[in-house]
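Me: I'm new to this one. Could you walk me through how to read a few of its features?

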Amino acid sequence: MDTQHRLKQFATVQTAKAILRILPRISEKRLLQFPVVQKGLEAISYYPEGKDFLKSLLIHGRRAVGRSSKKCLAKFAENLIVNEFIAANPKREEFRSRYGFDPPFFLVLSPTMRCNLACYGCYAGQYEKGEDLDAELIHRVLRESKEMGIYFVTVSGGEPFIRPDLLELFAAHEDMYFQVYTNGTLIDAKMAKALSRLGNVLPAISVEGWEKETDARRGPGAFQKILDTMSRLREEGVLFGFSATATRQSNELIVSDEFVNFLAEQGCFLGWYFNYIPIGKAPDMDLMPTPEQRMFRRRRLMELRPKAPLVLVDFWNDGALVGGCIAGDRYLHINGRGDVEPCVFVHFAVDNIKNKSLAEVLNSEFFQAIRRRQPYTQNYFRPCLIIDHPHLLRQVVEESGAHPTHPGAESILTQFSDDMNQYASAFGKLADALWEEQDPSVARAYLRRRFPQAEKPGEVEKDLEHRMMLKKEENK
């Protein structure tokens, strides 16, 4: 990058930091009109829904100012907003120029698969528990991440806080922002104070519904422990959220006004929704929400977002926010043994991070096979490689020779193959009917970003038609 571009980038970053310092005194309308904010919105999102979501993130971030400690607010603003969304752009461009594809926007790192609970249906319940990622290996991965422009890392497991050195890892990378999926039971008063001092950690606490539903899955007393943890984090000014897994039994409850408003009252800044799928510990199709329930949850989130006092995200229903599946492309997962999976829920790998660099893994045949098939369809309401296009998951695993990363992981391809096909077909009919109502420019906007070489009018549409034709031939 030449001197002129460096100066321009430096000015952009300094302007963003200045805005963030005076954020409490800026109206929401004025905030969204700032050129640097509009530039950030355009850089990270190519869809109307995506822009609306990021606007919501900024607005709720501003509203969180009053209840956040100065350190937590500063780290959220500088590490996540400035470093991840603005300052990282030159590194991302350099990576793209060198390797020919975009680096991920974030990664998921599971430093341990150990856990102090034994929840039924846990997606990670079958991983080997006897081996944690070495601290120096984690540092190496985080350094490589920053070199390619990744400053946002999600930490999962297992229960991450079971590792005594976890806070040291966060402190060593104070320019990064960490979202930690946790059961919340190990965040005592001392831990809450430490997280407040660090400022660059946002816990997302798992909850299954009210006390009855949460204690049934997580053990007696779990719900009250979660509320106590939320209270401690709130008192220390730590930004935090909740994470809820939708099952056939809890799907409607967890998107009710009463439940969402209750968690907002506890101080949650954001809420994550995940769709149970038959992987991990004792997989069970009867726990998986029906296609109709999944569509209901999407409709409810569309109703909740404009009025709910927190940010809401659905891993399976928000494909339109990011242009479909992001597995092996805009994110990946490194499990506690070092196996690199394209998605937290795709328990197959060909590489281990102990033996290769992050860039080498991203360029593997496994990840390339997935990226070649993306987008799997023009309909971004059907984004998932696992449950919306299971035939493609079977193809890429066979084509690349990927191996299961724990005993039983292959059951999604074998034992549950017919179930996945039937689910995909039934949900596809509902999703296609909804997609027909959408603006066709959404698909074109995504492909223009994904395939910038198609610059002439009509080339994007021609490319899309060609890709879809090849997929039909593959699937015969």
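Reply: Sure, starting with accessibility: buried means under 20% relative accessible area, exposed over 50%, and partly exposed in between, using a 1.4 Å probe and protein chains only. Keep in mind that this is a predicted model, where local features need pLDDT of at least 70, side-chain atom pairs count only at pLDDT 80 or more, and totals for chains, interfaces and linings use all residues. Residues are numbered from 1 along each chain as its sequence is written, and side-chain values use heavy atoms, with hydrogens and water left out.

Me: Is Asp-175 buried, exposed or partly exposed?

Reply: Asp-175 counts as partly exposed because its relative accessibility is 28%.

Me: Where does Asp-175 lie?

Reply: Helices (H or I, at least four residues) and strands (E, at least two) are DSSP runs, numbered from the N terminus. Asp-175 is in the loop between helix H8 (166-172) and strand S3 (177-182).

Me: What does Asp-175 touch?

Reply: Contact means heavy atoms within 4.5 Å. Leaving out residues up to four places away in sequence, Asp-175 touches Asn-79, Asn-83, Lys-146 and Tyr-151.

Me: Which side chain makes a polar contact with the side chain of Asp-175?

Reply: A polar contact is a pair of N or O atoms within 3.5 Å; within protein, one must be able to donate a hydrogen and the other to accept it, and residues adjacent in sequence count only if both atoms are side-chain atoms. Here the partner is the side chain of Lys-146, at 3.1 Å. Lys-146 is also one of the buried residues of H7.

Me: What follows H7?

Reply: Gly-149, with a positive phi near 95°.
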